[in-house]
Amino acid sequence: MTTLCLFGMAVGCSLQDVEDYMTNALDDALQNSSDNSTAEGSCTVYFLDVGQGDSELIVTDEAAVLIDASVSGASDTIITALQNYGVTTLDWIIATHPHADHIGGFSGLLEYAANSDALTVENVLVPSLLDDQIPTTRVYEQFLDGVEANGLALTEAVDMTIDLGTASLQILPPPGDDYSSLNDYSVCAYLTCGETSFFFTGDASEPEESDLLASGALDGLQADVLKVGHHGSRESSTDDFLYALSPRYAVISCGVGNTYGHPHSEAVARLTKFCGENLWRTDESGTVTIQSDGETLTVATEK
């Protein structure tokens with residue numbers, strides 16, 4: 001269009017017209033650049049080394065989310081990590097399901113937040129469970145006590161998307177209501193950061209994976225990074241589930257020398273078909289950090 005306007009000067013397009021056009025074009029280019037930058041965004045995901053448990057921290061320019069908090073003894077490790085990463089507000093904590101190796105550390109974390117100005121927790125997300133499925137364990141009671149001490153209420157997971165500024169987190173509640181294991185009531189989550197994406201599974205195993213596929217919840221989703229389900233057990237990361245998400249990177253959270261034998265060789269073999277050598281274990285690598293600039297991923301390990 002610039003060429004046409006310059007040619008048009010001979011037929012009525014003035015120099016001022018050209019200058020105005022160039023100014024407007026520059027403004028448009030800067031606006032588009034700004035829009036693209038915002039769309040691309042950036043985020044960092046820390047797959048914390050918390051022993052035989054799960055805990056993942058998502059940090060963006062505007063928000064932070066903690067998914068699970070491992071066992072009770074892991075709370076100090078998680079609090080130290082938050083301090084090291086400069087996190088003073090957790091916009092959401094997500095308890096994927098009420099097993100001790102996923103919610104145990106929340107009690108210490110919530111107690112710290114209730115008694116310190118250094119940390120604020122704003123929202124707590126949990127799966128929707130029937131009354132006879134809700135645990136009566138001391139660990140779960142301590143979790144509830146911590147929620148109450150912070151003046152919070154439980155938010156039951158539904159189909160929703162949480163705005164994290166430069167990223168968004170889509171919540172996928174468990175699609176069934178008659179599972180035999182609490183593992184399969186795990187709240188899953190899909191993090192989108194520009195052109196990159198992460199999928200978090202809790203302890204979802206084959207029944208929940210199959211129902212997620214059958215329900216269409218995974219339609220159109222592809223995950224660059226998979227937080228491997230159930231610590232890499234053979235009952236999780238089924239072929240159909242992996243084909244649907246087609247991950248290029250995967251992280252297994254498990255403890256050194258754990259008595260469960262996690263990760264199981266069958267799951268590792270299936271994951272390797274997709275991820276090759278881009279498969280990390282917290283028992284071997286410590287905390288695994290994956291940073292996205294919206295287009296590319298950078299991986300760093302603690303050891």
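1. A salt bridge here is a side-chain nitrogen of Lys or Arg within 4 Å of a carboxyl oxygen of Asp or Glu. The pair Asp54 and Lys227 meets that criterion, with an N to O distance of 2.5 Å. The model is predicted. Asp54 sits in the loop between strand 1 (43-47) and strand 2 (56-60), and Lys227 sits in strand 13, so the contact ties together parts that are 173 residues apart in sequence.

2. Are the two partners of this bridge buried or exposed? Asp54 is buried, at 0% relative accessible area. Lys227 is buried as well, at 1% relative accessibility. The cut-off for buried is under 20%.

3. Searching the whole structure gives 8 salt bridges. One of them joins Glu266 and Arg234, at 3.0 Å from N to O. Glu266 belongs to helix 8 and Arg234 to the loop between strand 13 and helix 7, so this pair ties together parts that are 32 residues apart in sequence. Glu266 is partly exposed, with a relative accessible area of 34%. Arg234 is partly exposed too, at 40% relative accessibility.

4. Helix 5 (residues 138-149) holds a salt bridge of its own. The side chains of Glu141 and Arg138 meet there at 3.5 Å, N to O. Both residues lie in helix 5, 3 residues apart, which is about one turn of the helix. Glu141 is partly exposed, at 36% relative accessibility. The pairing extends to a third residue: Arg138, Glu141 and Asp145 are linked in a network of salt bridges.

5. Next, the sheet. Its 7 strands form an open sheet in the order 9-10-11-12-13-14-15, and the pairing is mixed. Strand 9 (160-163) and strand 15 (279-281) are the edge strands, each pairing on one side only. On average, neighbouring strands are turned by 15° against each other, direction ignored. Helix 8 packs on this sheet and touches strand 13, strand 14 and strand 15. The direction of helix 8 makes about 150° with that of strand 14. Lys227, the partner of Asp54, lies in strand 13, so the salt bridge of point 1 reaches a strand of this sheet.

6. Which strands pair with strand 11? On one flank, strand 10 (residues 168-172) pairs with strand 11 (residues 188-193) in the antiparallel sense, over 5 bridges. The register can be read from two bridge partners. Ser168 is matched with Thr192 of strand 11. Leu169 is matched with Leu191 of strand 11.

7. Strand 12 (residues 196-200) is the other partner. It runs antiparallel to strand 11, and 5 bridges join the two. Leu191 stands opposite Phe198 in strand 12. Leu191 is also the bridge partner of Leu169. The hairpin of strand 11 and strand 12 has 2 residues between the strands, and Gly194 takes a positive phi near 60° in it.

8. How many residues of strand 11 are buried? The count is 5 of the 6, so strand 11 is largely enclosed by the rest of the structure.

9. Some backbone geometry deserves a check. Most residues other than glycine have a negative phi, and most peptide bonds are trans. His230 has a positive phi, near 50°. His231 has a positive phi as well, near 60°. His230 lies in the loop between strand 13 (225-227) and helix 7 (239-245), and His231 lies in that loop too. Arg234, the partner of Glu266, is also in the loop between strand 13 and helix 7.

10. Why do both histidines count as buried? His230 has 17% relative accessibility and so counts as buried. His231 has 1% and so counts as buried.

11. The peptide bond between His262 and Pro263 is cis, with omega about -5°. Pro263 lies in the loop between strand 14 (249-252) and helix 8 (265-275). Both of these elements appear in point 5, where helix 8 touches strand 14. Helix 8 also carries Glu266, the partner of Arg234 in point 3.

Conventions
Residues are numbered from 1 along each chain as its sequence is written. This is a predicted model: local features need pLDDT of at least 70, side-chain atom pairs count only at pLDDT 80 or more; totals for chains, interfaces and linings use all residues. Side-chain values use heavy atoms; hydrogens and water are left out. Helices (H or I, at least four residues) and strands (E, at least two) are DSSP runs, numbered from the N terminus. Buried means under 20% relative accessible area, exposed over 50%, partly exposed in between (1.4 Å probe, protein chains only). Two strands pair if DSSP finds at least two bridges between them. Axes are lines fitted to C-alpha atoms, for helices over the stretch in contact, and angles run from 0 to 180 degrees between N-to-C directions. Contact means heavy atoms within 4.5 Å.
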